[in-house]
Each structure stands twice: as C-alpha cells, then as structure tokens.
Amino acid sequence: MTDSSAVLVLLTVISAATPLLFAALGELITEKSGVLNLGVEGMMLAGAVAAFAVAVTTGSSTLGVFAGALAGAILAFAFGVLTLTLAANQVATGLALTIFGIGLSALVGAGFVGIAVTPLPKLAIPGVSDLPVIGSLVFGHDALVYLSIVATVAVAWFLKKTRGGMILRAVGESDLSAHSIGYDVIGVRYRAVVFGGAMSGLGGAFLSLAYTPMWAEEMTAGRGWIALALVVFASWRPWRVLFGAYLFGGVTILQLYLQGAGGLDIPSQVMSMLPYLATILVLTVIAAGPWKGRLDAPACLGRPFRPST
Amino acid sequence: MQLKIEPRREISRNLLYLTPFLAVLLTVVTGFVLFMLMGYDPFAAIYHFFVSPLLSLYGLSELMVKAAPLIIIGVGLAIGFRANVWNIGAEGQLTIGAIASGAVALAFWGDTGLWVLPLMCIAGVLGGMLYASIPAFLKTRFGVNEILTSLMLTYVATLFLSTLVYGPLKDPAGFNFPQSRMFTDAALLGVVFDGTRMHTGTIFALLIAVAVWVLMTFTIIGFQVRVVGQAPAAARFAGFSRNTIIWFGLLVSGGLAGLAGTFEVAGPIGQLIPVITPGYGFTAIIVAFLGRLHPLGIILSGFLMALSYIGGENAQVEVGLPQAVTGVFQGLLLFFLLASDFLVRYRVRVVRLVTETAS
C-alpha cells in the first residue's frame, strides 16, 4: 500500500457517507411527494439484516443487496397502507415502523450475530486502480458507492427535468390541485414511499455488507435519524444531500480518528457524541441562518390526503 | 353491491375506546401465526407470553415494577402529543434524570436523612426538564424540529451516562466494573411487598396519572393544550400561545421522564449502571397512543406493555423464544392501533348499486 494516510481517511469518509446518502435520497423523494416517513431507521435495519442473512445463506452479496432493498420497500409499503390508504397519522406510523423494524431485525438477526460475510467486492480496474491517490479514491470502490452517486444524479435529474418529477413535486406542494387536475395523488405517493424504503434498505445493506461488514442489533446507531436531518439540512435538494452526507461521514470518521489518536484526554464516549451533536447544531444553523424561510419544505409535508370521491 | 367509505361527521367515541382492544386481539392473533411459522408451539408460546406471568406473585410484582416508568412517562408524553408536540426523546430525559438523582444519592452516600429521597426526586425532575428544555428552546426560538433534536439528545444522554460510570462515578471498590456504588438505604424507595422488587414508585405512578388527568381536565392550560391539538385555528384566534404549549408539553414530559429515571435507579436498580432502561422512553410512546392519550387509558396500556416485557422474558425461559419478540409485538400493536383508527374516523357502508336492484 503506497497511499498516504490522508487518502485512507478520505476512503473511510466515503464509506461512512454512503449509507447516509442512500437513505437521505430516498427520504427526499418520499418527502417531495408530501409524505413524512420517520421510519428510516427501522427500514435501514430491516435492509441491513435482510441483506446480511441472504448474503450469508446464499453466498451471494449481490442477492443480499437486492434483498436489502426489497426488505426496506416492503416495510415502506406497510407504512403506505397505513398512512395513504388508511390516512393514519404519519408521525406516529413512522415511529411504529422504527420500533417494529428494530424488533424484527433483532429477531431475524439473532442467528446471524458473530458470523462473518464476504464483503462486497471492490470493482478494481487493472492499471487505473493502481494509480497513486486518484486510483484508490476514484476507482476501486464497491458497486454500491458508485450506485449512490449515480442515484444522486438520477434523483436530481428526475425531479428537475422529467414529467414524473414535476408531477411528484406538484403532489407534494398541493395535493388538492394535483388531484383536481386528475393526477393520482395516492398512487404517486405510494411509489415515492416505496422508493424511499428501497433506498433506506440499500443504505442498510451497505452497512452490513460493506461498512462493518457484519450484523449487530441496532447497528444503524441513529443513522436513519441523521438521514432525516440531512434532508432538512439540504433544503430538499439532492446535491446538497450529497454534500451533507459526506460532511457527516467526515464527522463520523473524525471522531473515530480522534479516539484512535489517544493523545487527547477526552473519554471516547464524549467523542462518540459528535455526530449527534453536529446534527443538532446543523439543524439549528439551518433554521436560524439568514436563509430561513427559504427552506423549501414541500407544502403538504405530513398532511394526510383522502380523495373525497 | 360495493363498499362505500365516508368520513364520519364526528369521530366515534365507542370505537375510539374499543379499537385498542381490537388492536391487542389482532396482535395476539398475528403473534400466534408468527410463533407457528417460527416452529414453536403457538399455544404454549402465547400462554407463557400473556398468561403465566400473571399467575405468580413474582410475575405480578414485576408487572408493577415495569408499569411504573411506562405510566409516568406515558402520561407526560400524551400531553405533548395532544398538542402535536412530539417529544420522542423521553429515553434521554429518563437517563439524565437518573444521572441527576444518582449523583445526589452518591453525594450523600451513607447519609440517613429522610430528605435524601425527596432531594433525589427533585434533582431527577429538574434534570429531565432541563434536558427537554433544549429541544423546547430550539423549537420555539429557531423552529428546529423537536423530533430530531430530542432523539439525537437520547444518544448523547446514553453516552454521557456511560462516560460517568466508566469514569468519575465508578465505584472505587468495584473491581473496575463500570458501575457506581450501591446506593444506601436513605436513597432507595421502599419495597411494598417483602420478597419482591415492587417499590412505592408504582403507587406514585398511579397518583401521577390521576394528577395529570385533573390537570388536563380542570385547568386552563390543559384546556389550551386540547384546543391547540384539536382546533389550531381556533386556538390562534383565541390567542393561545403556541410557544407556551410547546414549552409546557416538553417540560412536563421531560420532568416526568426524569422522575421515572429516578424511580428506576432508586428502585429496582439501586445504583448507576451503563444501561438503566430497556427502552421505556420509546415504549411509552406506544403506551400513550394505546391509552388514547388519556391518563386513565394510559394506566391500562402501561400495564399491558409492561406485560409485553415480562412475557418476553418469561417466554424466553419457558419455550426459548428470542427476547426480540417483545419489540416486534410492541411495533405490531402500534401498527394495528393506527390502522384501526380508520374505523374511528370513517364509516364503511355497504351500498347497493342501482343496476343491481333493478335486475
């Protein structure tokens, strides 16, 4: 290994940021349609355990990734049935989804604690990946890291340039008008919610198959909630979600390195508080800053809708 | 024939109080199927989860022990939930309350004064209130979402407790285990029945629930909370301050969570250890909803959710069911409850189509 330690640090930042990026992009689409799903943490855990269990059982991490996305999507669909079809309170249902996801993943994962899994393969390109600095920073990640970047581009393009994206935003900004010009509000929201679940599941799959790689109860450690905060931080804009995810990945790695450095006389637990305190700080700065009032939250966020006919 | 769904002009009171029982029934049925799929004898599993804990003095006393924090936190959270103030960081406020009261207990270690316990309670309540005032301040001053801040602070509180029991508050004669000294008698709640862990905190829990009911039913602030929740426009027109309600909801629920934390360390635990709650602060959210945000309903739902903890432990011992089943049950119960709310607000009618009657 010829890389300098700075490059190694950046590499770990990328893997700390990727699960946040997946989950936050998914939640961004969900919220753009006017639905607030607080169950991200639960869906990530479901994705993590499903991906791990399938990868261990079948020996295929690719199948594991699909299973993770599917598990997240299934939980999100259940959330959709409650909040969209049955018009239940979105905050309460999201909390229920998180509590259920924590319990279910612990139940399924009980038999998989302490087992090793082959991590997701790195996509090395012979020659190019061996280049100094650029080689390992840009090339030589696993497929999910690239997918998360592609997903950012795709989500940004979808929201801004496509008809489907425009309808999605219309549904989130004014459900009644969208309904009265004939758009299927509930249908659009179902699709947005399930997409959000699949993305959270992918974030979970990345955690259990690439980041750690192993399964432990509640291994997400609040990342689902941080992803929710990232969407607010990003003012519901995909590129800012990418920036925020890497910023938080950086904070996570920073505190790990400070703990490892040891020279500081600060207990490790205090360092571990950093990502959570940073989240609060960032949310406050965003809310209090000069740009407040231009946060661009979708107007119908969290409001139940039932067509009157 | 077809089904027609129409909103009720007024929510159905009968169904509002009946649907929690329906949700419990659906959870038990789902549990039955789940146990069967997992390869357990479903009858034995259900029996050991829901029935056999209630048949022994030990089981009943443990039910009281676990119901106390759930009821105390649940009635507090319900106040905020009524006004759409979402404190979901009760787990953290409980932890800070436990730390504050535990610090008092350790500061007066060996002291036999009768004032030690009341002082601990005051410290616990203040600790919880102080911790809840952070999301309250950020919400009212800057408009920061209280759901995210109160939850983030829960992680911080747990890490803070860990810092203390691994560091300054570690028992000097404790063989380096991460725990404080055992509290002395003056800092411990009395046991109600000899040979059990049931402490006086359970009795206080019931009194607190009644007190909150009086507060919500007979006082101006209770009335304002209910109006803000049910008719925000009317509340604005009447000049009720939204910020006052946010502060009130968070401070009361935070203080009560802190008191619950005090009762945990002064009751069943008797010292500070790294983990003092099996998720009471989160389960209390379910308790509040299942009890329909009504203090008397919350007493019932508090006992039921306490049973889910004890039943989980019991079923683990008796039939080897994984402990995680408790969490699954708790989540399912809230799902079914929220789903059944549909019946409270909408009426499902069978409508005959005109063509059908004609033929």
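Helices, of at least four residues, and strands, of at least two, are DSSP runs numbered from the N terminus. Counted in this way, chain A has 13 helices and zero strands, and its elements, read from the N terminus on, run α-α-α-α-α-α-α-α-α-α-α-α-α. The radius of gyration of chain A is 20 Å, close to the 19 Å that the globule rule gives for 309 residues, so chain A is as compact as a globular protein of that length.

The model described here is a predicted one, and the predictor gives the complex an ipTM of 0.88 and a pTM of 0.90. Chain B averages a pLDDT of 90, with 98% of its residues scoring at least 70.

**The two chains**

Chain B has 14 helices and two strands. For its 359 residues, a compact globule would have a radius of gyration near 21 Å, and the 22 Å of chain B agrees with this value. The table sets out some values for each chain.

| Chain | Extent of the C-alpha atoms along the principal axes | Buried residues | Share of contacts (separation of 6 or more) between residues 24 or more positions apart |
|---|---|---|---|
| Chain A | about 65 × 50 × 45 Å | 51% of 309 residues | 78% |
| Chain B | roughly 90 × 60 × 30 Å | 52% of 359 residues | 78% |

**Where the chains meet**

The contact between the chains takes 37 residues from chain A and 38 residues from chain B. On the side of chain B that touches chain A, the elements that give two or more residues are helix H5 (116-142), helix H6 (146-166), helix H11 (280-290) and helix H13 (325-345) of chain B. The largest share of this side, 13 residues, comes from H13(B). Sorted by class, the side of chain B that touches chain A has 27 nonpolar residues, 10 polar residues and one charged residue.

**A closer look at one helix**

H6(B) is among the elements that give two or more residues to the side of chain B that touches chain A, and its length can be checked by a short piece of reasoning. At 1.5 Å a residue, the 21 residues of H6(B) should span 30 Å, and because its end C-alpha atoms are 30 Å apart, the expected span and the modelled one agree. This helix is also mostly covered, for 19 of its 21 residues are buried, where a residue counts as buried if 20 or more other C-beta atoms lie within 10 Å of its own.

Notes. Residues numbered from 1 in each chain as written. Chains lettered and ligands numbered in written order. Predicted model: local features only at pLDDT ≥ 70, side-chain atom pairs only at ≥ 80, totals over all residues. pLDDT = per-residue confidence, 0-100. Contact = placed C-beta atoms within 7 Å. Nonpolar A, V, L, I, M, F, W, Y, C, P; charged D, E, K, R; others polar. Rg over C-alpha atoms; globule rule 2.2 N^0.38 Å. Buried ≥ 20, exposed ≤ 12 C-beta atoms within 10 Å, placed from the backbone. Expected span 1.5 Å × (residues − 1).
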